[in-house]
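Biologist: Please take one pocket of this model and go through it closely. After that, work outwards to the parts of the fold you can describe with some detail.

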Amino acid sequence: MTALDVALAEFQAHFPGEPDGVWEAPGRVNLIGEHTDYNGGLVLPIALPQRTYAAVRRRQDTILTLVSAGMPYCPPISLASIVAGHPAGWERYPAGVLWAMAEAGYPVSGLDVAFASDVPVGSGLSSSAAIEAAVAVAAPDLFDCGLSADESGRAELATLCQRAENHIACAPTGGMDQAAVLRSREGYALNLDCADGSIRHVPFRIRDKGLALLVIDTRVEHSHATGEYGQRRADCEEACDRLGVAHLAELSTNDLPAAMARVKSPRLAQRVRHVLTENDRVRLAVAAMEANDFVELGRLFVDSHASLRDDFEVSCPQLDLAVVTALEAGALGARMTGGGFGGSAIALVYEQALPATREALLTAFEHHSYAAPKFLVAEAAAPARRTVVPCC
């Protein structure tokens, strides 16, 4: 059964009658631009073909009832009870979206929702944003808000989803994940400026060049709600205070030597160096992709990983091993992707070398007694949308 089939089966098993519809949202993988989003910088993600499906029906009361294949049971939730930290499980993501919409003045009511997904959980591919976005595109259709119909509405939905994650899930993330799953375009990477929300679609059709983007799930689970991620954001905020700027991305690499001296802290200097150089790498990556210079893109991947490992200190042994092994197997470039402390790495690999690269990674992880990694080949897919359910 596909994830779509499972979502429909879950709805039929738990709720009487039929859903009003099914909506889907993708996972995402970030090509480059890590920890730059909450620093007002640039990011370059793509939406993934892997999707979260939500079979949804509007209720006439203010109760949210959620079920999800493979996830723990959660009791019905009153919309009035949704506050920071409650609900506390996976259900905080869809609940938070309705909370954010209500807070923004949009009319909302209760929902019955059944989820199913083939987006890996805990792998740094933004399974949480996929859950949020599936509800976020369903709600405007069901509540006649119209927000998912155009680009400005989708930008507003991305902001609401980020607010839900920050305030209800208590995860201090930036806005990249929500923008990626709601505002991407099939066949393109999303060049998002997190300072003003502006976007530019950059062609990403590497199969035409005989290349593939291999995603390596290290199976080291991570969570944005944990303290290490929040500490990195706090470091950046402290650096901003010392430098007198609202966001680090207001500075350029030309400002870097003076900025590193002014923060008067080796740790903060490292954080500043990562953000400013990573922001510059996004610009260079866009130029490389537009010039079909994938050797240069690979080099930028390698530099990005080194910066995340050494200056931002968010890598882990499994991510480092994945990167080194992929490069030794002939990848043009490789880097950790996502917030770090686990999750996935990506490698830019010639398609014909995919089997040998996978085998090298499996061997390396076994040699170090790590759990065997999982793999997927990423392509730039469509954003969150209503699903056309095939007829029987």
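Modeller: The second largest pocket has a lining of 24 residues, and those lying nearest its centre are Asp-37, Gln-162, Gly-174, Gly-175 and Cys-194. Keep in mind throughout that this is a predicted model. The space in this pocket comes to about 390 Å³. Three helices each give two or more residues to its lining: α4 (151–167), α5 (176–183) and α6 (227–243). Sorted by class, the lining holds 11 nonpolar, 8 polar and 5 charged residues.

From the pocket, I turn to a histidine. His-35 sits in the loop between β1 (21–30) and β2 (42–43). His-35 counts as buried because its relative accessible area is 4%, and the cut-off for buried is under 20%. The side chain of His-35 makes a polar contact of 2.7 Å with the side chain of Tyr-38. Leaving aside residues up to four places away in sequence, His-35 touches Tyr-229, His-274, Val-275, Leu-308, Phe-312, Val-314 and Gly-339.

The strand on one side of that loop is β1. In β1, 10 of the 10 residues are buried, so the strand is largely enclosed by the rest of the structure. Strand β1 is joined to β3 (residues 45–58) by 9 bridges, and the two run antiparallel. One of the pairs is Asn-30 with its bridge partner Pro-45 in β3. Strand β1 is also joined to β13 (residues 385–386), here by 2 bridges and again antiparallel. In that pairing, Glu-24 stands opposite Arg-385.

These strands belong to an open sheet. In general, the strands of a sheet pair through backbone hydrogen bonds, in either a parallel or an antiparallel way. This sheet has 6 strands in the order β5-β4-β6-β3-β1-β13, and its pairing is mixed. At its edges are β5 (77–78) and β13, each of which pairs on one side only. Further in, β3 is joined by 7 bridges to β6 (residues 111–117), and these two run antiparallel. Within that pairing, Tyr-53 is opposite Ala-116 of β6.

Ahead of β1 there is a loop that follows α1 (3–14), and Glu-18 lies in it. Glu-18 counts as exposed because its relative accessibility is 51%, and the cut-off for exposed is over 50%. The C-alpha atom of Glu-18 is 8.9 Å from that of Ala-55, although the two residues are 37 residues apart along the chain. Not counting residues up to four places away in sequence, Glu-18 touches Phe-11, Gln-12 and Arg-57.

Another buried position is found in strand β11 (residues 344–350), where Ser-344 is placed. Ser-344 has 0% relative accessibility, so it counts as buried. A polar atom of the Ser-344 side chain lies 2.6 Å from the backbone oxygen of Ser-123. Ser-123 is also among the residues that Ser-344 touches beyond four places in sequence; the others are Leu-125, Val-215, Ile-216, Asp-217, Thr-218, Leu-319, Met-336 and Thr-337.

Some points of backbone geometry remain, and they fall in loops. His-86 and Pro-87 are joined by a cis peptide bond, with omega at about 0°. Pro-87 is in the loop between β5 and α2 (92–103). Arg-219 is not a glycine, yet it has a positive phi of about 65°. Arg-219 is in the loop between β9 (211–217) and α6, and α6 is one of the helices that give two or more residues to the pocket lining. With a relative accessible area of 43%, Arg-219 is partly exposed. Glu-313 likewise has a positive phi, near 55°, in a residue other than glycine. Its loop runs between α9 (294–310) and α10 (317–328). At 40% relative accessibility, Glu-313 counts as partly exposed.

Conventions. Residues numbered from 1 in each chain as written. Predicted model: local features only at pLDDT ≥ 70, side-chain atom pairs only at ≥ 80, totals over all residues. Heavy atoms only, no water. Helix = DSSP H or I, 4+ residues; strand = E, 2+ residues; numbered from the N terminus. Buried < 20%, exposed > 50% of the residue type's maximum accessible area, 1.4 Å probe, protein only. Polar contact = N/O pair within 3.5 Å; in protein donor to acceptor, adjacent residues only side chain to side chain. Contact = heavy atoms within 4.5 Å. Pairing = 2+ DSSP bridges. 1 Å grid on protein atoms, 1.4 Å probe; cavity = no way out; pocket = protein on both sides within 12 Å on 5 of 7 lines; lining within 4 Å. Points joined across faces, edges and corners; volume = space filled by probe spheres on them. Nonpolar A, V, L, I, M, F, W, Y, C, P; charged D, E, K, R; others polar.
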